Amino acid sequence: MDSYVPIADGVFWIGVNDRETALFEGLWPLPRGVSYNSYLIVDDKVAVVDTVKAMKADQYVAQLRALVPAGKQIDYLIVNHMEPDHSGSITLLRDLYPGITVIGNDKTAKLLADFFGITENVQVVADGDTLPLGRRTLQFHLTPMVHWPETMVSYETSGRLLFSGDAFGGFGALAGGIFDDEVDVAYFEDEILRYFSNIVGKYANMVQKAIAKLAGLEIAVIAPTHGPVWRHNPGHILDLYDRWSRHEGEAGVVLAYGSMYGNTCQMMEAVARGLTDEGVSNVRIHSVSTTHISYLIRDAWRYRGLVLGAPTYDVGLYPPMSFFIEMLARKKLQRRLLGLFGTYGWSGGGVKTLRSFADDGDWDLVEPVVEARCHATPADQENCRLLGQRLAQRLRE
Ligand code: FEO
C-alpha cells in the first residue's frame, strides 16, 4: 500500500507498513507487521506530525515528495513522541527540508539532543499552546508516560482531529484500508490491546490522567501512530482504552499453565471443567511454555479471571511461569480474580512462589489453592474443579 491517503481536506496519512521486523522493540512478535503512521497538513503553513522508523525512510520520503516536491518547504515537524519507531526519520527530514522547525515540549528537546544531537531550530511548546497553520490550528496537550515522559498529543481544532501518538494504536500493518470502517476492527482491537497491555499498560494511571485531560475535547477523528485511523467510531477505541486503563476485565477467564509430563495439565483441565459447570464459556487456555508472553499478558489484561498453574522446578516455580508473573507484576496489572494450582515432587516451591505473587499484588484470591504431589489424586482433581466453579461464581457477582 504505502502511498498517501487523505483523511481530511489538506490532511494526509503518509505512513508506512513494516512487514519485515520480526520483534517490535526486539521483544514483541509482529505476525502481521506494524504500521508507522505519519501525517501531513498542507495549509498556509505545511506541517508533518511524527515520522517513521529509519529503516522505512526511503519509502517515506518518496511519498512525502509526492505531496511536497523538492524545492517546496515544510515549515514544521511536530514530534509527539520520541521513540525511534516515530522519530527515526527526523534527521533525514531536517536534511531534506533545512528550514523546518521541530516542535516539541521541554522533554522532547532533551531527547532530540540526546538521541540525534539536534539543538537548533527546535521550538519548545507548553501544555495548551497553539500553532496556527492557516485555516487549521494545532493545540498541544502533554500526556506524559503514554508512553514516554515527553509524550504529547496534537489536536487540530477546526477538523477536531486528534493526533494521538501511541495512544489508541496497535500492532498489525494496514492492509489496504487505513480507517476503522475499512478494516477488520476485531483483529485490530486484539492487536491494540496487545500493544496497550505490553507497552503502555504499566502506565495505566497516566493513561487515565490523559483521558481525563482530553475529555473536554470534541474528537471527530483519532489518528494514532500505529494501526487504523478512527473516523467512524472514535468513541469506541476511547471507551476501550478507558476500560483497559482502569483494569476493568471482561467476563471470562484466562487459564495459563505449564506442564512437563501432563500432570499439571490434567489439573488445568479440571479447573476448566469447573468453569464450564458454572456456565463460563469465555475461557482462554494458554501453555506458558509455547505461547509468547505478549499474548499471555494481553489475555490477562482482557479477562477478569486469571488462573495460574505450574509445576515446581529447581525447588522453585517453573521458569516460564516465573517469567510470566514477573512481567505481570512489572506491568502492574490489578483487580483480577486469581486462582492458583500446581505440583511438586519431593520439595515444594512452585505454589509457594505463586502464593507470594498473590500476596504482593492487588488480586482477589479464590480458594482453594491446590497443590498436588507428583500427580493429582481424585481429591486434588475435585478441588481443581471446585476452584473453577468458585471462580465462575465470583465472576457472576
Ligand atoms: Fe510507537 Fe512508544 O512508540
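Where is the place of Ala 22? Keep that in mind for the opening close-up; everything shown here comes from a predicted model.

**View A. Ala 22 sits in a loop between two strands.**
The loop in question runs between β3 (16-18) and β4 (23-24). Ala 22 is exposed, since its relative accessible area comes to 55% and the cut-off for that label is over 50%. Pick out Gly 33 as well: eleven residues separate it from Ala 22 along the chain, while the two C-alpha atoms are 7.8 Å apart.

**View B. Five strands make up an open sheet with mixed pairing.**
Reading across, the order is β12-β13-β14-β15-β16. The edges belong to β12 (130-132) and β16 (221-224), each of which pairs on one side only. Going from one strand to the next, the twist averages 20°. For a look at one of the pairings, follow β15 (residues 161-165): four bridges tie it to β16, and the two run parallel. Within that pairing, Leu 162 stands opposite Ile 222 of β16. As a general reminder, strands of a sheet pair through backbone hydrogen bonds, either parallel or antiparallel.

**View C. Strand β17 has parallel partners in β18 and β19.**
With β19 (residues 303-313), β17 shares six bridges, and the two strands run parallel. Glu 250 faces Tyr 303 of β19 here. With β18 (residues 283-287) there are five bridges, again in a parallel arrangement. In that pairing, Val 254 has Arg 284 as its bridge partner. β17 is mostly covered, too: six of its eight residues are buried.

**View D. A nonpolar patch lies on the surface.**
Three residues form it: Met 260, Tyr 261 and Tyr 313. Together they offer about 380 Å² of accessible area. Tyr 261 belongs to the loop between β17 (250-257) and α8 (263-277). Is Tyr 261 buried or exposed? Its relative accessibility is 75%, so Tyr 261 counts as exposed.

**View E. Tyr 4 and Phe 12 form an edge-to-face pair.**
Searching the whole structure turns up 15 aromatic pairs. In this one, the ring centres of Tyr 4 and Phe 12 are 5.6 Å apart and the planes meet at 85°, so the geometry is edge-to-face. As for cover, Tyr 4 is partly exposed at 35% relative accessible area, whereas Phe 12, at 14%, is buried.

**View F. Phe 115 and Phe 116 form a tilted pair.**
The centres of these two rings are 5.8 Å apart, with 35° between the planes. Phe 115 has a relative accessible area of 40% and is partly exposed. Phe 116 also gets the partly exposed label, at 28%.

**View G. Helix α5 is mostly covered, and Phe 196 is one of its buried residues.**
The helix takes in residues 185-200, and twelve of its 16 residues are buried. Among them are Tyr 187, Phe 188, Ile 192, Leu 193 and Tyr 195. Residues such as Glu 191, Arg 194, Ser 197 and Asn 198 are on the buried list as well. Which aromatic residues form one cluster with Phe 196? They are Phe 168, Tyr 241, Trp 244 and Trp 301.

Technical notes: Residues are numbered from 1 along each chain as its sequence is written. This is a predicted model: local features need pLDDT of at least 70, side-chain atom pairs count only at pLDDT 80 or more; totals for chains, interfaces and linings use all residues. Side-chain values use heavy atoms; hydrogens and water are left out. Two strands pair if DSSP finds at least two bridges between them. Axes are lines fitted to C-alpha atoms, for helices over the stretch in contact, and angles run from 0 to 180 degrees between N-to-C directions. Patches are made of residues with over 30% relative accessible area and no salt bridge: like charges are joined within 9 Å, nonpolar side chains (Val, Leu, Ile, Met, Phe, Trp, Tyr) within 5 Å. Accessible areas come from the Shrake-Rupley method with a 1.4 Å probe; for residues, only the protein chains shown count as cover. A salt bridge is a side-chain nitrogen of Lys or Arg within 4 Å of a carboxyl oxygen of Asp or Glu. Buried means under 20% relative accessible area, exposed over 50%, partly exposed in between (1.4 Å probe, protein chains only). Rings of Phe, Tyr and Trp (its six-membered ring) pair if their centres lie within 6.5 Å; planes under 30 degrees apart count as stacked, over 60 as edge-to-face and the rest as tilted.
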